[in-house]
Amino acid sequence: METVRCFVDCLADFGDLLSAKVIRNGTEVFLSTGASDVLVFNGQEKRVKTVLHFCSSVKSFALSNDRCRLYALCENDGLYCIPVALESSSHSLSAKCHIPALSTVSKDSTVIKDGKVQSFIVVEGILVTVSMQESFWTFELYELPDCSEGAMVYQRRAGFQVQVVAARIPQKHMADTVDSKSIAPALACIYPSSDNTPNGQAHLGHPLLEPLLFRLLFGVDTSLVHSPVILCGLPDGRLFFFPLLLPMLTSSRGEQKPQIKMLYSLEQPVTFIGTSVTGEKGPQYLVVIGQRGRILIAMANQEGSDGKAADCSFIEHTVQGPVECACVDGERLYYSTSANLLALSLINTSASPSSPLSAAAVGAALSTRPKRPAVFSQSAVCLSVCRVAALAEPCITPAGSVELLALSLSGKLLQVTLPQASDKESLSRLVSSQVGQRVNDLMGGIGNIWERASSMKHQLQLKNNTLRCLNHVFNVCHLILNCHKNDQEVCERKPPISCRGVANWSTLLQKDSLILTCILENLSDCALHQGWTLCIEVYSSRSHIADGSSTTYSFALKKVDCGEKLEVNLPLDIDGEVFLPVKINCYLVYSLHSLFHPEELGHLSVVSDIPISQLLRDNGCISLALNTLTLDWLDCLRIAEPNSYADVPKQLTTWESTHKFLSSKQTRTQLQSMSKAGPHAVVVRISSELLRTGLSLPGCSTAVLCISVLKWLVFRTSETGDYKPIQNPVVCALGPGRHEARLLTKEVTVSGINSKGDLSVVEVQVESFSVEALCGLHHAVLRRVQALLKEAPVTHGGPVSLRGQHLTEAVQHAESLYKDLQDSRTPDTFGGVMKIRKTSELFQLYLQLRENPLVII
């Protein structure tokens, strides 16, 4: 493809455009940018003279035949009509200050209130509109009012409809083609040229066509009355025409409609309709251009010497599309794709490749008429102008050059002057002093393009990395959320990402501290990269400060690959005290801030003037729950060698310590001591059959069952594994605060419960001199049993037959203890002494509740 350097002058810059249309009216230019404004630009002063502001977006606009009124089609509002010359008291002041005059167009200027109108044209006192009505294209003809009489009512003259046909789109255009119904039809009015019409000049702003071709295309009747013809190119590619001045047909409903006929089918949306190649009696070609680059040329064939009558020929040619806009000048067609502005010669010539832009070709076309259809012997010429969205009708400068007025997608109004033959030759003959400057300019342009390309490549790489990280985060979310489903098949498998906790005691400077070790295990196929945070929330049900307290610890992850583990440690004691049980919630949190690089954060802040932290304030992170753990007294025991309490020094209870302190201060007290000779004990009885079933120990012996129950209570497993083995059914341990305790299990036979006979049960006995340790361990054992009942329900044949007498006695015993409890809650009338007595009574009630416990079956 040949390239020609044109002389381009930027008249104004209006910013990026949504769509564009430009009309030249002498020294003034009317243009729209796809918004709700129509700008009136003065070409001599190179400034915007007037801004016409409409109520909605302007889809299209046109000038009347006398150039005194402006018609504007607005989206969903209809058609407006306003006078072009808008004078106001502030107009002269704005002209001196070079400030555009703003004129707001009222809705009272609407002449056709139909929001479905897509295209219109004004011809010979008639307004033609095209709209989509359900499955029909509707054509309406209105008679323009006489403005001199002050009437502004547009009388409907006729109307007709054309069936909508779905456009057939080739397979190669299926991906990048929009809906044909959303494309506006293309309208044009063709006049027959006459003897009093100058060659090549349009009639009232509309193109002309020589009489012979006009008669062959549109009929003898239309040619005899010199009726203008309306051509409409529908989005489906069909080209229809109807004359305006012929008598109209009358339908069965009494409505008048013109005689409409189909001329051709281009099979793609029509972008431009015009005439080209000036001859002795007018333009010789009818030119129709499709959106995807198909060009239709209609021309007349002269009567031959063999006696054949004259006829017309239709020639198709294809150029690279899409075609955004087009215009014609003599024998040349100018069209714009999404990238370049090109020129194409429409006549057959044997000149050199530079002749499509030479002035001599016009003279050759004036003196010769082709006797056969046009042949495109030359390819299109690139004019080195990019991204043109709209073209005005070309004009000839006094020097004889062709001048185009173009509006680019970047919002620049360009005046493009095409070089003549002499200008093209001079372009190739530069003086030696200009060669170096030209090379420097080209090298500078290459350097700027390289810098922009490098910057764009870097930005694309950052965005790709961000998308890759976001996809990785979604994969992790999918894995964890699937584990939370109540699907039995999923629940039986080990979670791909889990967190478990182990309590350990640490002694430093003769001070014991309880440390929680959380182990994050990644068994999935996704690595946990930087940006993930392990959050551990520790909640204690007791606190010396308030009713409850919670503390959250956060550990930022660097990278945890597949199959790796991460251990973190955190303290569980508060000011040297441990409050059990402790509930631990584990979360994985991903901060969306980590998706943005520092340079991207700076770029977003500059563009939006809002810090990125505020943009992500509400949804700044993704939180995924992993596990919920509970640590009780059994989890925090320090196992010691089994021994008897005879070898262990007796610990002082709270009451004994208080009494000893008062005695040392020579304070007399007559209160009785709460202490007893041996340690306090509680017993929990569990059915042996329940334990064998829940712990998967069918048919085991009594000794194995008792040892397995102790392992299950202390280590949460009935197997030895990596834990310290337990060889005897007795465990001695130290709890928090160095409280000594002992756990022992034995299998006994209980009578009087089952009506069918004796019942085999396992007694879990907890002994300790400390009331706090006794209550904590008792609560922990009951928690283990409750979890066992939920996870492993009883699967034996039928329920145990219980004796009613035993249940009645148990209920009566509980009612008596409840009555004693109510009596002990009487108001305090004797101060601290009564409080101590109540404490003693409540503790005795607690022990009585555990002396004859029920059996868990």
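This report walks through some strands, salt bridges, cysteines and a surface patch of the structure above.

The model is predicted, with local features needing pLDDT of at least 70 and side-chain atom pairs counting only at pLDDT 80 or more, while totals for chains, interfaces and linings use all residues. Residues are numbered from 1 along each chain as its sequence is written, and side-chain values use heavy atoms, leaving out hydrogens and water.

## Strands S3, S4 and S5

A good place to begin is strand S4, residues 37-42. Helices (H or I, at least four residues) and strands (E, at least two) are DSSP runs, numbered from the N terminus. Residues are called buried under 20% relative accessible area, exposed over 50%, and partly exposed in between, using a 1.4 Å probe and protein chains only. Five of the six residues of S4 are buried, so the strand is largely enclosed by the rest of the structure.

Strands of a sheet pair through backbone hydrogen bonds, either parallel or antiparallel. Here, two strands count as paired if DSSP finds at least two bridges between them. Strand S3 (residues 28-32) runs antiparallel to S4, and five bridges join the two. Strand S5 (residues 47-53) is also antiparallel to S4, with six bridges between them. Leucine 39 of S4 is the bridge partner of leucine 31, and the bridge partner of leucine 39 in S5 is valine 51.

The turns are worth a look too. S3 and S4 make a hairpin with four residues between the strands, where glycine 34 has a positive phi near 90°. The hairpin of S4 and S5 has four residues between its strands as well, and lysine 46 in that turn takes a positive phi of about 55°.

## A three-stranded sheet

Further along, an open sheet of three strands is ordered S34-S35-S38 with antiparallel pairing. Its edge strands, S34 (497-508) and S38 (565-571), each pair on one side only. On average, neighbouring strands of this sheet are turned by 25° against each other, direction ignored; the strand axes are lines fitted to C-alpha atoms (for helices, over the stretch in contact), and angles run from 0 to 180 degrees between N-to-C directions. Seven bridges pair strand S35 (residues 511-522) with S38 in the antiparallel sense. Isoleucine 515 has proline 571 as its bridge partner in S38.

## Salt bridges

Side chains of opposite charge can pair when their charged atoms come close. A salt bridge here is a side-chain nitrogen of Lys or Arg within 4 Å of a carboxyl oxygen of Asp or Glu. The whole structure holds 18 salt bridges, and the table shows some of them.

| Acidic residue | Basic residue | N to O distance |
|---|---|---|
| Aspartate 561 | Lysine 559 | 3.6 Å |
| Aspartate 632 | Arginine 784 | 2.6 Å |
| Glutamate 747 | Arginine 692 | 3.7 Å |

The pair of aspartate 632 and arginine 784 links distant parts of the chain, 152 residues apart: aspartate 632 sits in the loop between strands S40 (621-631) and S41 (638-640), and arginine 784 in helix H13 (residues 771-791). Aspartate 632 and arginine 784 are both buried. They also belong to a salt-bridge network that links Asp632, Asp635, Arg783 and Arg784.

Glutamate 747 and arginine 692 are both buried. Glutamate 747 is in strand S44 (residues 740-754) and arginine 692 in helix H11 (residues 688-694), so this salt bridge ties together parts that are 55 residues apart in sequence. In the remaining row of the table, aspartate 561 is partly exposed at 27% relative accessibility, and lysine 559 is partly exposed at 47%.

## Cysteines

A disulfide is a covalent bond between the sulfur atoms of two cysteines. With a cut-off of 2.5 Å between the sulfur atoms, the count is zero disulfides. For cysteine 55, the closest cysteine sulfur is in cysteine 74, 7.5 Å away and too far for a bond. Cysteine 382 is in no disulfide either, as the nearest cysteine sulfur, that of cysteine 386, is 7.1 Å away. Cysteine 55 is partly exposed, with a relative accessible area of 44%, whereas cysteine 382 is buried at 8%.

## Helices H2 and H3

Helix H2 (residues 211-218) has Leu212, Leu213, Phe214, Leu217 and Phe218 as its buried residues. Just after H2 comes glycine 219, with a positive phi of about 105°. Leucine 224 lies in helix H3 (residues 220-224) and is exposed, with a relative accessible area of 62%.
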